[in-house]
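Visitor: I am new to this structure and would love a close look at just one part of it. Could you pick a spot and walk me outward from there?

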Amino acid sequence: TRDAAGGVGEATIVGNSKITATGPVEIDGMRFLNNGTTTGGGPSNPTLQNYVDLFSETKFGRYLANSAILALGGAATNLCFGALAGYAFARLAFRGRQSIFSVFLASMMVPYQALLVPLYLMFAKLGLTASHFGLAVLHTVLQLPFSIYLMRNAFEAIPRELEEAARVDGASSPFMLRRVFM
């Protein structure tokens, strides 16, 4: 009986969490299906015309494509540069490694709002305002310290024995990064 009560309690918690988290989204989606007439619980005549209007009467498709391109481009750029820098901080020995990594960590502690005006002025001088490239650079610059931190910690969790075995087999650092670490 105790297990059954625990299962019911867990199901209740999960169910309440789902209702709390997704309820407003589902209600908003129901409202979007509304054609103007409601009878309390939801739309009386649900229609997809609002979605058709969204794509045909606005530039929503273009906005969605812009967001997807910038998000995927920023993620790919952060993955590439974050992986390279994270590997260097985790496995390569060079002077000032810990100091440089500490600077990256410290840069994560600066709130984005404090950077907005200086970054805008710098981007305005470079002619990068109101451009996709400028926005992509901004996303990359703001997220790169976290990517480096995440990659460094992930690479440090990989046993050194795997790296040593790859070295014995004649693997170079770029090969190990690509085949052992990634």
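Visitor: Let us begin with Arg 160: what is its relative accessibility, and what does it count as?

Guide: Happy to help! What you see is a predicted model, in which local features need pLDDT of at least 70 and side-chain atom pairs count only at pLDDT 80 or more, while totals for chains, interfaces and linings use all residues. Residues are numbered from 1 along each chain as its sequence is written, and side-chain values use heavy atoms, with hydrogens and water left out.

Now to your residue. Arg 160 has a relative accessibility of 43%, so it counts as partly exposed. That label covers the range between buried (under 20% relative accessible area) and exposed (over 50%), using a 1.4 Å probe and protein chains only. Arg 160 shares helix H7 with Glu 163, 3 residues along, or about one turn of the helix. Helices here are DSSP runs of H or I with at least four residues, strands are runs of E with at least two, and both are numbered from the N terminus.

The side chains of Arg 160 and Glu 163 form a salt bridge, with 3.7 Å from N to O. The term means that a side-chain nitrogen of Lys or Arg is within 4 Å of a carboxyl oxygen of Asp or Glu. Glu 163 has a relative accessible area of 9%, which means that this partner is buried. Through shared partners, salt bridges join Arg 91, Arg 160 and Glu 163 into one network.

Let us follow that network to Arg 91. The closest N and O atoms of Arg 91 and Glu 163 are 3.3 Å apart, making a salt bridge. This pair links distant parts of the chain, 72 residues apart, with Arg 91 in helix H3 (residues 60–91) and Glu 163 in helix H7 (residues 160–168). Both Arg 91 and Glu 163 are buried.

The model has 3 salt bridges by this rule, and one of them takes us to helix H6. There, the side chains of Arg 152 and Glu 156 meet at 3.2 Å, N to O. Because Arg 152 and Glu 156 are 4 residues apart in H6, about one helical turn separates them. An α-helix has 3.6 residues a turn, so residues three or four places apart point the same way. Arg 152 has 13% relative accessibility and therefore counts as buried, whereas Glu 156, at 38%, is partly exposed.

While we are in H6, let us look along the helix. Its 25 residues should span 36 Å at 1.5 Å a residue, and the end C-alpha atoms are 35 Å apart, so the two agree. The expected span is 1.5 Å times one less than the number of residues. H6 also bends by about 45 degrees at Gln 143, with Pro 145 following within four residues. A bend is the angle between axes fitted to the seven residues ending at a residue and the seven starting there.

Among the buried residues of H6 are Gly 134, Leu 144, Ile 148 and Phe 155. Their cover includes H3, helix H4 (97–108), H5 and helix H8 (173–181). Ser 147 gives a close view: its 14% relative accessibility is why it counts as buried. Apart from neighbours within four places in sequence, Ser 147 is in contact (heavy atoms within 4.5 Å) with Asn 78 and Gly 82.

Tyr 149 also sits in H6, and is partly exposed because its relative accessible area is 31%.

Going back along the chain, Ala 130 is in the loop between H5 and H6. Ala 130 has 89% relative accessibility, so it is exposed. Its phi is near 55 degrees, a positive value in a residue other than glycine. Gly 127, just after H5, has a positive phi of about 75 degrees. H5 itself has a kink of about 30 degrees, centred on Pro 118.

Finally, step back for the whole view. The protein chain has 8 helices and 0 strands. Of its 182 residues, 21% count as buried.
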